[in-house]
Every structure is written in structure tokens, then in C-alpha cells.
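Work through the exercises below with the sequence and the 3D view open. Try each task before you read its solution.

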Amino acid sequence: MSNYPQRNIKASSKAMDSSVPFVLLLLMCSSIMVEAQLKVYDLRATDLPTVVLLTTDAYVTVSSGSTSLGKTSVRYNDPNPWWEEEFSYFYAEENDMLTLEVYDVDLLFDDQLGVCQRQLKVGTYQHDCFLTKGGTLHYTYTLG
């Protein structure tokens with residue numbers, strides 16, 4: 001009977017020894033960035049510039065990190081366009097850079113009206129971005 005408590009001590013000691021790698025694995029995994037779905041939507045612009053009585057023919061490109069998520073359709077002759085497109089990306093990570101670029105379609109090459117960049121955070125956010133050539137881009141994103 002005197003050996004009985006000793007066996008339990010050895011058994012629980014072995015159980016603790018085998019759990020150490022598991023605990024280390026959990027700690028390592030908690031420091032790894034978790035991929036999440038990114039959704040960018042409700043893109044609209046206000047007060048886009050006009051050049052010699054010509055209104056802007058605008059579109060927006062969207063990217064997350066180095067991955068292009070696509071571009072919107074062109075809204076012709078509209079200084080206050082709204083785009084219906086939604087962009088989704090399943091491999092986004094918190095702190096990735098979301099980039100939206102606003103362009104005006106021209107005959108030879110498209111003029112960039114401005115760039116909006118924001119570091120992604122988990123949750124839903126609405127932002128306004130003032131464009132370098134005039135006007136404001138409004139957009140919403142959800143990461144989670």
C-alpha cells in the first residue's frame with residue numbers, strides 16, 4: 001500500500017511532462033496572425049474634380065497587401081458616384097494594408113485622383129479619405 005501514492009505521483013508527473021509540448025504549441029499558435037475574411041463595400045465619392053466642364057469618369061481599384069481584389073465599374077460624368085460592387089478576400093490579416101485608388105478615365109491614360117490606405121483592424125469601420133486632386137472617397141470595410 002505504501003507504493004500506491006508513489007505510483008500516482010509518477011503518473012501525474014508523466015502526464016505533466018507530456019502536456020508541456022502542447023502548452024508550447026498553444027503559445028506559439030496564439031502569436032500567429034489569424035486569417036480572416038475582409039469585405040470592402042459601400043464605396044462612394046463626393047465632389048470629384050471637373051476639368052474644363054468635363055465631369056469625372058471615375059472608378060476605384062481595391063487591394064489588400066499585395067493582392068488585388070479588383071476594380072469597380074466606371075461611373076461616367078458623375079462628380080458624386082456610388083459603386084455597388086463589394087470586394088471580399090478570405091486571407092486578409094489584421095494589420096494588412098488596405099489600399100483604394102481612385103482614377104478618372106481618359107483617352108491616353110487614366111489620371112489618379114488619390115490613394116487611400118489604412119491598416120486593417122478586426123471589426124467594421126467607415127472611413128472618409130480626402131483625395132489629393134479633390135473630392136472625398138467614402139467606404140466601409142469589415143474584417144472578421
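Four exercises follow, each with a worked solution; the model is predicted.

**Exercise 1. Find the disulfide and describe its link.**

Step 1. Count first. A search of the whole structure finds one disulfide.

Step 2. Name the pair. Cys 116 and Cys 129 form the disulfide, with sulfur atoms 2.1 Å apart. The cut-off for a disulfide is 2.5 Å between the sulfur atoms.

Step 3. Place the two ends. Cys 116 sits in strand β7 (residues 111-119) and Cys 129 in strand β8. They are 13 residues apart, and the pair links distant parts of the chain.

Step 4. Read the torsion. The angle about the S-S bond is -100°, and the link is left-handed.

**Exercise 2. Decide whether Cys 116, Cys 129 and Lys 133 are buried, partly exposed or exposed.**

Step 1. Recall the limits. Buried means under 20% relative accessible area, exposed over 50%, and partly exposed lies in between.

Step 2. Take Cys 116. Its relative accessibility is 1%, so Cys 116 counts as buried.

Step 3. Take Cys 129. Its relative accessible area is 12%, so Cys 129 is buried.

Step 4. Take Lys 133. Its relative accessibility is 49%, so Lys 133 counts as partly exposed.

**Exercise 3. Locate Lys 133 and list what it touches.**

Step 1. Find the element. Lys 133 lies in the loop between β8 (123-130) and β9 (136-143).

Step 2. Set aside neighbours within four places in sequence. The contacts of Lys 133 are then Pro 49, Asp 111, Gln 112 and Leu 113.

Step 3. Check one C-alpha distance. Lys 133 and Gly 114 are 6.4 Å apart in space and 19 residues apart in sequence.

**Exercise 4. Place Leu 100 in the core and in its strand pairing.**

Step 1. Start with the core. The largest nonpolar core has 26 residues. Leu 38, Leu 100 and Leu 137 have the most contacts inside it.

Step 2. Ask which strands supply it. β1 (35-46), β2 (58-64), β5 (87-93), β6 (97-104), β7 and β9 each give at least two residues to this core. β1 gives the most, with five residues.

Step 3. Recall the general pattern. In soluble globular proteins, nonpolar side chains tend to be buried together.

Step 4. Turn to the pairing. β6 and β7 run antiparallel and are joined by eight bridges. A hairpin connects β6 to β7 through six residues. Cys 116 is the bridge partner of Leu 100 in β7.

Step 5. Check the contacts beyond four places in sequence. Leu 100 touches Cys 116 there too, and its other contacts include Val 40, Val 62, Leu 137 and Tyr 139.

Note on methods: Residues are numbered from 1 along each chain as its sequence is written. This is a predicted model: local features need pLDDT of at least 70, side-chain atom pairs count only at pLDDT 80 or more; totals for chains, interfaces and linings use all residues. Side-chain values use heavy atoms; hydrogens and water are left out. Helices (H or I, at least four residues) and strands (E, at least two) are DSSP runs, numbered from the N terminus. Buried means under 20% relative accessible area, exposed over 50%, partly exposed in between (1.4 Å probe, protein chains only). Contact means heavy atoms within 4.5 Å. A nonpolar core is a set of buried Ala, Val, Leu, Ile, Met, Phe, Trp, Tyr and Cys residues joined through side-chain atoms within 4.5 Å. Two strands pair if DSSP finds at least two bridges between them.
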